[in-house]
Each structure stands twice: as C-alpha cells, then as structure tokens.
Amino acid sequence: MSVPLSSEAAPAPATPALPPARARKRRAGGSPWRCLRTPSMRRWSVANLVSNAGTWMQLTVQNLLVLQITGSAAATGLSLAVQAGPGLLLGVVGGAAVDRWNRKVTAMVSQVVLGLVAFSTAALIGLDLLSMPVLLLLAALTGIVNTIDGPATSLLGNDLVPKDDVPSAIALGSMVHSAGRLGGTALAAVAVGTLGTASAYVANGLSFLFVAAVIPSLRPAAHAVREAARSHRAPAEAPAAAAAAAPPRKRGSEDGARAGLTYFMSRPRLVALAGITGLSSLFGRNYQLTLVVLVIGPLHGGQTDFGTVSTVLAVGGIAGAVLAGRLRRPTVRLVGVLAACGGLLQVAAGLSPGLFVLILLVIPMAVVESLSDTAGATVLQTDPAPEMRGRVLGVWRSAGTVWGLAGPPLLGLLLEFAGARGTLVSGGLLIAGAIALGGLRHRRVTRGVGAPDHRVPAGAALTPAAALSHA
C-alpha cells in the first residue's frame, strides 16, 4: 500500500488498484506450470514429449523384435540388461564428461548419435541383416551414449528456468514422460501394424533429430549463465572440499569420475538421499510386481482388477506430479518424510481386506511417490556445486542401476517366502523405520551439539544411516 505524501488523508479510490507486477508474479509462483512462462522451456517440453514418444515406440518394438529373432522371452531381458549395463559401469565417467563439455553441444551431439543408431537399426531390419549379436551391440552403444545424454539433457532443462522453478520443470518432465510413454506405446502398435517394425526405429530417429534441432534455440536463465561462468573459472577438479586432501590429479575422465564419487560421498545430504531412495526402490515402489501378486492372490481378483489398480496408480502419479510442481526448494528431510509416509501406506495396502480399500490406498501411495521423486530430483540437481552436477548425476545413475536391477529379484524372493502381504508390510516397515531412526539420530545430534556440523572430511565415506543424521 502506498503512503500519501501529504499529511492530509488521501481519498479512498473508487475502484481497487491493480496489484503490482511483483505481487502478481508472486501469486503465479505457486503454479505447478510456472516453468512454462519461459519460452525456452515451452520449446524444450514439446521436444521432450516427441522424444519420449519415439523412445517408447522403439522400446515397445525392441522386445517384439527380439522375440521374432530368437523366439526366447529370456532374450528380451538380456537386451534390456545390455542397454542398462553401461549406466552401471560408466555412469560416473559420463557425468564427468558432461561437466567438462559445453552442455548444449553435448546434448545436441548425443541426440544426433542416438538418432543415427536408430536409423542404422531400421536399415538393418529393412535389409534383413539384423541378428541378435548386432542388436545387442546397438543396444550397448545406446546405453553408452545415454550415460552422457541423460545428465546433459536433465541439467540443460534445469538451466532454462529460474532456480525456484526447477521443481516445476522436473514435475512437468515427469508428466511429459508419462504422456510420452502412453502415446509411444499406442503409436508403436499402429506403426508395426501398418508400416512394419522398422518404422518405429525411423520415428525414434526423427524424434532425436527434432530435439537436436530445437536445442540451439534454447536460452539459459540468468542463474545458469552465472554458474557456467563460475564453473569455467573454477579449477577443473572442483570443489575444494572434495580435492583439498587429495594429491594433485591429472586431467581426464577417469580422474573426474573419481572426484565425482569422492564429492558425492562427502556430501551428507546426497548420501542420505541415496539411502532413502535406495531403500524405497528395493523394498517398495515395484508395485507392478507386489500388487499384482496381492490382487491375484489374497484378494482373489483377476487381470481386469489389476488393470484397474494400475490405472489408478498412473492417475495418482500424474496428480502427484502436478502437486510437486508447486514445490520451490525441497529438502532431503521432506523427501524422507514423504518416503516414510509411502512406507506406511504400503503397510496399510498389504493389510487391505478387499480390492476397494486397496484402490483407495493406491491413490495416496502414487501421489506420495511422485512428490518424493520430484523433491529428490530437485535436491540432486541443485544441491551440488554447478561444476559437479554432471558427475553427481553420473554417480546417481550408477547407483540407480544397481537398485533397479536388484529390486525385482529381491522382492521376488520375499514374495516366495513371505507372500504378498508379508512383503508389502515388512518392506514398508523397514523403509519407515530406517528413516525414522535416521531422523531421531539427527535430532539427538542437533540437541547435543546445538547445530550439527555439516562439514565432512574430503574422501570420508558415509553410510546412509550416518548421512541421515547429518542431512
């Protein structure tokens, strides 16, 4: 409200004055779609939608192609494992490369290479020259390029919006991914039925080229320009906290990868985030496995009933992504609280007396999972120093590949010995209990010392439980 310059009372305006631009901007700041105010993000979102649809077209057809070549269902899993393998072995190296190279150029080149791989596969299919060894080789090449393309495109998207809008951008990316998955899967069936298997690879190749064509028009936000300038002025092996106690290093991707791992392990918040996410991935989240056994088994449902549960999960995930877009600067503590709530909801789901109760519980389970994922991704991509973010994402990719591959077999064993209810209940209690213990330890440290010391010696490896007490 303005203060009149005169000592006399100012007359009341006949109509309320329009709010200032800053107030309007502040009200809009809570919108889950606020990242779309940036023109570059609008272009990037369209490109991502096209790319995701193409990727899911290819993934859908790839499994069918392997079955046609080998006649073996096990071979389909092998092709997916070969494509995921580089993320485990080379994720950190790829992240280090992203930190060293120009981000826009890196993303554009990686998209072009992925497009060439897709076109090459389509040509081999058309010439009837594609064999299983060649397909595995192409899958491995795709996985190698993805170790660079993944962190490059993730960080590039965050560079396009103000810092407070990063959660909105990540949540929008999650919704675009879901939409692309649904659209790509449907388009794959149409393409194969009308134009043949090779058409899906051609479409995916064109989607990569479309993204590469959009990238030069993208303009980074002011904070990204400043961070890039600081990164280029900083020593190659930044930050000092991770390098002070280490001997001088030579330049190279291998050394950069080692610096990234050291940096990650010296950041309690990142280690705590990895512990929370790892627990949730190993003992929860794989609802397509645990809930199908629960529905078909103890709840005496059928495939149609599980289809209903899966649909509700998808809808809840989209609703959670919309809510997550309202976040501004989430913390690891918020991620932990959400993950613990998800664990308790999982316990309740395991004890569901009937299908209707399960569906009622599945909605908040999906919402909480989506919120937790977006909050965690925001911390992961904004907490590290700008010159280390690619390496941090590389470490995360390697860790994520580990628990992504280990989770389903572990849950399968638990399902064999404890059943669907026992697996859901024990897994949920383990997730919530571990996070609660970490929170109690953090509170004890805070009360005992006054304020926890977040500084950790360079190279000091933290366990997830110890990290939770520092986060």
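I began at L88, which lies in helix α3. The model I am reading is a predicted one.

I looked up the accessibility of L88. L88 has 35% relative accessibility, so I put it down as partly exposed, since that class runs between 20% and 50%.

I then asked which residues share a nonpolar surface patch with L88. The patch is made by L88, L89, L90, V93, I144, V402 and L405, and its area is about 580 Å². Two elements, α3 (73-100) and α16 (389-449), each give two or more residues to this patch. The most comes from α3, with 4 residues.

Next I turned to the interior. The largest nonpolar core has 77 residues. Which of them touch the most other members? I noted W44, F264, L291, L358 and L380. Helix α15 (residues 355-382) gives the most to this core, namely 13 residues. Apart from this core there is another, of 18 residues, including A122, I125, L136 and L138.

I picked L358 for a contact list. Setting aside neighbours within four places in sequence, I found L358 in contact with L291, L294, V295, L299, V309, A349 and S352. L291 is thus on the contact list of L358, and both are among the core residues that touch the most other members.

Last, I checked the cysteines. How many disulfides does the model have? I count 0 disulfides, by the rule that the two sulfur atoms must be within 2.5 Å. Is C35 buried or exposed? C35 is at 0% relative accessibility and therefore counts as buried. C341, at 36% relative accessibility, is entered as partly exposed.

How values were computed: Residues are numbered from 1 along each chain as its sequence is written. This is a predicted model: local features need pLDDT of at least 70, side-chain atom pairs count only at pLDDT 80 or more; totals for chains, interfaces and linings use all residues. Side-chain values use heavy atoms; hydrogens and water are left out. Buried means under 20% relative accessible area, exposed over 50%, partly exposed in between (1.4 Å probe, protein chains only). Patches are made of residues with over 30% relative accessible area and no salt bridge: like charges are joined within 9 Å, nonpolar side chains (Val, Leu, Ile, Met, Phe, Trp, Tyr) within 5 Å. Accessible areas come from the Shrake-Rupley method with a 1.4 Å probe; for residues, only the protein chains shown count as cover. A salt bridge is a side-chain nitrogen of Lys or Arg within 4 Å of a carboxyl oxygen of Asp or Glu. A nonpolar core is a set of buried Ala, Val, Leu, Ile, Met, Phe, Trp, Tyr and Cys residues joined through side-chain atoms within 4.5 Å. Contact means heavy atoms within 4.5 Å.
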